[in-house]
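I open this notebook page to record what I looked up in one model. The entries follow the order in which I consulted it.

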Amino acid sequence: FVVACYVLSNMELFLAKAKMVLYSIFPLRSSKRILKAIRFTDTAFMSFISGKVIDSAIIGVICYICCAIMRMPYVVLVSVVVGVTNIIPVFGPFIGAVPTALIILLDSPMKCLIYVIFILVLQQIDGNILGPKILGSSIGINGFWVMFSIILGGGLFGFWGMLLGVPVFVVIYTALGKLVTKKLVKRDLPTDTDEYMNIDHIDPVTREIIAKEKTEDK
């Protein structure tokens, strides 16, 4: 904590020194690209992490209030576990729900059943209403890549991989997307994904898109 305070208090100085080193090593055009990439990475990480922290804090508070109203045991412990694990996308709610349900099961099977139903409803509200409102379009990738990045990150780096796998993948995905777009523009080819949905091939001479022929049912 002390180190973090020291770094934050000298952040402008550190950034200035880093820019000096960057401009002393790389050409001006390359330095501009590197700074742009670093700023995008910082934005991707901060927007995702801050959004998930706020979302998870709200879920934890809602869980505490509702569990207290339903007179669940270990309300504080259950709410903290649910809130913390909710930071992990997709799998976080299940990771938090299983141990907390087992804790409540030790006290009352009926309360455990009510709690499981409540958690399912709460996570549906979070996934379909609360989460999208808070996170907005900060992720920028579809659900398949979110799940892929979490599984890959968790398999390689454990908890931190599951937590940071999504923003890391967003940065890589965006960089590759820009590289592909740049290459397509150089070759005078379309850059819109929809134009490749029903494509058979592109004529090498005219650069015309040839669509797939529809097969007629016999």
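I take contact to mean heavy atoms within 4.5 Å. I note that the model is a predicted one.

Entry on S79. I located S79 in helix α4, which spans residues 75-85. I then asked whether S79 is buried or exposed. S79 counts as buried because its relative accessibility is 6%, and the cut-off for buried is under 20%. Leaving aside residues up to four places away in sequence, I found that S79 touches G60, C63 and Y64. For Y64 I also looked up a distance: its backbone nitrogen lies 3.2 Å from a polar atom of the S79 side chain.

Entry on the cores. I turned to the largest nonpolar core, which has 16 residues; C63, C67, V82, Y115, F118 and I119 touch the most other members. Helices α3 (28-69), α4, α5 (92-107) and α6 (109-135) each supply at least two residues of this core. The most come from α6, with six residues. I checked C67 individually: with residues up to four places away in sequence not counted, C67 touches M72, V75, Y115 and F118. I also recorded a second, separate core of 11 residues, with I141, V146, V166 and V171 among them.

Entry on the second largest pocket. I read its volume as about 460 Å³. Its lining includes R33, K36, F40, V171, T174 and K182. I asked which helix supplies the largest share of this lining. That helix is α7, with six residues; α3 and α7 (143-186) each supply at least two. By class, I noted five nonpolar, two polar and four charged residues in the lining.

Key. Residues numbered from 1 in each chain as written. Predicted model: local features only at pLDDT ≥ 70, side-chain atom pairs only at ≥ 80, totals over all residues. Heavy atoms only, no water. Helix = DSSP H or I, 4+ residues; strand = E, 2+ residues; numbered from the N terminus. Buried < 20%, exposed > 50% of the residue type's maximum accessible area, 1.4 Å probe, protein only. Polar contact = N/O pair within 3.5 Å; in protein donor to acceptor, adjacent residues only side chain to side chain. Core = buried A, V, L, I, M, F, W, Y, C linked by side-chain atoms within 4.5 Å. 1 Å grid on protein atoms, 1.4 Å probe; cavity = no way out; pocket = protein on both sides within 12 Å on 5 of 7 lines; lining within 4 Å. Points joined across faces, edges and corners; volume = space filled by probe spheres on them. Nonpolar A, V, L, I, M, F, W, Y, C, P; charged D, E, K, R; others polar.
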